[in-house]
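I wanted to know how the strands of this chain are arranged. My entries follow in the order in which I looked things up.

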Amino acid sequence: MAEIKVPELAESISEGTIAQWLKQPGDYVEQGEYLLELETDKVNVELTAEESGVLQEVLKDSGDTVQVGEIIGTISEGAGESSAPAPSEKAESKDSEKEEKQAEPAAKEVSEEAQAEAKSRTIASPSARKLAREKGIDLSQVPTGDPLGRVRKQDVEAYEKPASKPALQKQQQPQAQKTQQSFDKPVEVQKMSRRRQTIAKRLVEVQQTSAMLTTFNEVDMTAVMNLRKRRKDQFFEQNEVKLGFMSFFTKAVVAALKKYPLLNAEIQGDELIVKKFYDIGIAVAADEGLVVPVVRDADRLTFAGIEKEIGELAKKARNNKLTLSELQGGSFTITNGGTFGSLMSTPILNSPQVGILGMHKIQLRPVAIDEERFENRPMMYIALSYDHRIVDGKEAVGFLVTIKNLLEDPEQLLLEG
């Protein structure tokens, strides 16, 4: 009998939620075949069978929270239990009628013992067994709506309420009615996914633990757009990837971080950790929430290398195939709300980082060329949110102006990279 355990996922992850079982009890599984999908704070992980056999028992249901190292099921060796009679049973069938009569009382006694044992082995989740023990409830008497007959914690709670907590139920009823009456129009109640809960928790923590401030500027994108127009066909032929805006912004961010290194740092206690590497996180909107995969050593990559890396990471994010290593260790983040039409916003820090750059929609606006002339130019607002505990306004503004100048004269970026 092999145990199915929650594996070590990452140093910062100690638990997860079972999103769904891909196999059901009684199913035969091959070694390496997917058993279930586990939802963690950052990514969904598919767990595989470590050996072939029959999925014998599932100890945790979809939606249950599980800890690293916890046993959540078992796999038995072979193709399943045989229904053929045991040799002793065959021998008994050949015994004399007298021996059969003598064996009947013993067989009856064994049968009763087997039934009692089966009764005591009611399939139930560990949390349900624990609650039943605490309340002195016989699990075999607890009705369940689970199609496989498994008793869950909520089944034990529901069984317990009418018998042992009538007063509590009576007290809670008015409140429940009040909640139902608070909506006089149709509503839909949805459970937040683990990732969405984590995102919500971390965003609130960032605002509570950092002195976040945002500064804005605007960039004339004329030069970048003209350069892309001239070079896009040749760039694609040489590199088999399109020349987008993200490579320009990533290169500009790396150059600005080298000039203003405190924006590439983080706070640990009363110390500053100033990073001498440039792993740039690129925020990507996935179905289950925002994720920030990391482009490693962006300072060493060409424009084509950056575009390819971003394209591959974005594809993995949309298909929910990102690994934990691809989401960890970034030193600075870029987010592009402009892809959804945002004209201006205040990005929130990706803790423990102390800086994040927000890109926005490119929009034609009249720009003064000199005292007498105006032209319609493709303009973009950019925003830098930073932790004011270690980054002063002078540095933040200088950082943003550096990015603006590099993008308005992109040949500088080409010369650097």
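Entry 1. I began with strand β4 (residues 34-39), which pairs with β5 in the antiparallel sense over five bridges. The model I am reading is a predicted one. I then picked Leu36 and looked for its bridge partner in β5, which is Leu47.

Entry 2. I asked what packs on the sheet that holds this pair. Helix α6 (residues 194-209) does, and I noted that α6 touches β2 (15-21), β4, β5 and β7. The direction of α6 makes about 150° with that of β2.

Entry 3. In what order do the four strands of this open sheet run? I read the order as β5-β4-β2-β7, with antiparallel pairing. Strands β5 (44-48) and β7 (65-67) are at the edges with a single partner strand each, so one side of each has no neighbour in the sheet. From one strand to the next, I have the twist down as 45° on average.

Entry 4. I turned to another open sheet, also of four strands, and wrote down its order as β1-β8-β6-β3. The pairing here is antiparallel. I checked which strands stand at its edges: they are β1 (2-5) and β3 (28-29). Each has a single partner strand, so one side of each is left without a neighbour in the sheet.

Entry 5. Last, I looked at a pair inside this sheet. Strand β6 (residues 53-58) and strand β8 (residues 71-76) are joined over four bridges in the antiparallel sense. For Leu55, I found Ile75 as the bridge partner in β8.

Technical notes: Residues are numbered from 1 along each chain as its sequence is written. This is a predicted model: local features need pLDDT of at least 70, side-chain atom pairs count only at pLDDT 80 or more; totals for chains, interfaces and linings use all residues. Side-chain values use heavy atoms; hydrogens and water are left out. Two strands pair if DSSP finds at least two bridges between them. Helices (H or I, at least four residues) and strands (E, at least two) are DSSP runs, numbered from the N terminus. Axes are lines fitted to C-alpha atoms, for helices over the stretch in contact, and angles run from 0 to 180 degrees between N-to-C directions. Contact means heavy atoms within 4.5 Å.
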